[in-house]
Amino acid sequence: MDTNQDMEKLKAENERLAKLYAAKSDLVSLSVHQVRTSLSAIKWIIKMFLDGDLGTSTPEQQNLLAKAYETNDRAINIVSELLVANKAEEIMEKDYAYGKVDIKEMIDSAVFDFSGEAYEKGIEVIFLKPEMEIPHVRADREKLRVVLQNLLENAIKYSNKHGKIFITLVKDGGFCQVSVKDTGVGISEEGKKKIFEKFYRDPEAQKQEIIGSGMGLFTTKNIVETHGGKIWFDSKDKEGTTFFFTIPIAE
Ligand code: ADP
């Protein structure tokens, strides 16, 4: 058989597999979203019972409800990770839709989204708002949101109870620079070299049974760099970590 024919065949097969893969990926995203929505609904119903909003329950009932709440919460975390892992592939493949984004407002909304989780761990999230005028950045809104969500989620996940998280935003030349500082467990020496690798998780994270996939920072770095920005961190064992990233200012 001639090589041209072989190449054509391979190309056609490759296209067929890519379509199949995209369809599977979409189906997983959709189903996982539906499962997460149902689990979240259950979460709030259990919480209403736990808080006594629906009448008093016996200590035994309270105990069981608390267990149900915890188990359900773990399921939500696992499912959320699955969503991120599945999305990571899409993020790399699909085109970016750039526009002008008000990053200050986006940070405000990300902080709001995580206020429930932070509150549950007694963690205070403080956005030290810039005094200077901050210009809009050139970004794909949804992907930039993923960056902020991943960094905030990690800061909460890898913080001890009653920790503090500080977020800053400054303009630096042609970029906006964001920092997310926590007072958490810190990153190990080995982790400092590997933290942005796909599926890497620090031994500390695994020891404490914190749920994760090791995909968050890999995806985050990919998104930041696709925007033309940079990401880095500064971390001290048992003292905390600060992540920094930059995003270009819109013309
Ligand atoms: P995941 O959180 O799902 O494990 P990530 O890619 O977001 O995956 O992070 C990779 C690893 O980096 C984590 O498992 C954790 O060990 C470490 N890490 C990330 N953010 C922090 C942080 N703020 N403080 C300490 N360790 C962190």
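**Exercise 1. Work out whether lysine 192 is buried, partly exposed or exposed, and find its salt-bridge partner.**

Step 1. Start with the classes: buried means under 20% relative accessible area, exposed means over 50%, and partly exposed is what lies in between (1.4 Å probe, protein chains only). Lysine 192 has 28% relative accessibility, so it counts as partly exposed.

Step 2. Now the partner. A salt bridge needs a side-chain nitrogen of Lys or Arg within 4 Å of a carboxyl oxygen of Asp or Glu. Lysine 192 meets glutamate 189 this way, at 3.1 Å from N to O. Glutamate 189 is exposed, because its relative accessible area is 58%.

Step 3. Look at where they sit. Both belong to helix H6 (residues 189–194), and because they are three residues apart, about one helical turn separates them. Labels like H6 come from DSSP runs, numbered from the N terminus: helices are H or I with at least four residues, strands are E with at least two.

A quick word on the model: it's a predicted one, so local features need pLDDT of at least 70 and side-chain atom pairs count only at pLDDT 80 or more, while totals for chains, interfaces and linings use all residues. Residues are numbered from 1 along each chain as its sequence is written, and side-chain values use heavy atoms, with hydrogens and water left out.

**Exercise 2. Describe the salt bridge of lysine 43 with aspartate 73, and say which parts of the chain the pair ties together.**

Step 1. Recall the idea: side chains of opposite charge can pair when their charged atoms come close. Here the N-to-O distance is 3.0 Å.

Step 2. Lysine 43 lies in helix H1 (residues 3–50) and aspartate 73 in helix H2 (residues 59–93), so the bridge ties together parts 30 residues apart in sequence.

Step 3. Check the surroundings. Lysine 43 is buried, at 12% relative accessibility, and aspartate 73 is buried too, at 19%.

Step 4. Zoom out a bit. Lys43 and Asp73 are linked with Glu120 in a network of salt bridges. In total, the structure holds twelve salt bridges.

**Exercise 3. Put the strands of the open sheet in order and say how they pair.**

Step 1. Strands pair if DSSP finds at least two bridges between them. Five strands give the order E2-E4-E5-E7-E6, with mixed pairing. The edges are E2 and E6 (231–236), each pairing on one side only.

Step 2. Go through the pairs:
- E2 (residues 124–128) and E4 (residues 164–172) are parallel, with five bridges; isoleucine 126 stands opposite phenylalanine 166 in E4.
- E4 and E5 (residues 175–182) are antiparallel, with eight bridges; aspartate 172 has phenylalanine 175 in E5 as its bridge partner.
- E5 and E7 are antiparallel, with seven bridges; valine 178 has phenylalanine 245 in E7 as its bridge partner.

Step 3. Spot the hairpin. E4 and E5 form one, with two residues between them, and glycine 173 in the turn has a positive phi of about 60°.

**Exercise 4. Find the residues that threonine 246 touches, and decide whether it is buried or exposed.**

Step 1. Threonine 246 is in strand E7 (residues 240–248).

Step 2. With a relative accessible area of 10%, threonine 246 is buried.

Step 3. Contact means heavy atoms within 4.5 Å. Skip the neighbours within four places in sequence, and threonine 246 contacts Phe175, Cys176, Gln177, Val224, Gly229, Lys230 and Trp232.

**Exercise 5. Describe how helix H5 packs against helix H8.**

Step 1. Axes are lines fitted to C-alpha atoms, for helices over the stretch in contact, and angles run from 0 to 180 degrees between N-to-C directions. H5 (residues 141–157) and H8 (residues 216–226) make an angle of about 145°, with their axes 9 Å apart.

Step 2. List who meets whom: Lys143, Val146, Val147, Asn150, Leu151 and Asn154 in H5 meet Gly216, Leu217, Thr220, Ile223 and Val224 in H8.

Step 3. Sort them by type. These contact residues split into six nonpolar, four polar and one charged. For the sorting, Ala, Val, Leu, Ile, Met, Phe, Trp, Tyr, Cys and Pro count as nonpolar, Asp, Glu, Lys and Arg as charged, and the others, Gly among them, as polar.
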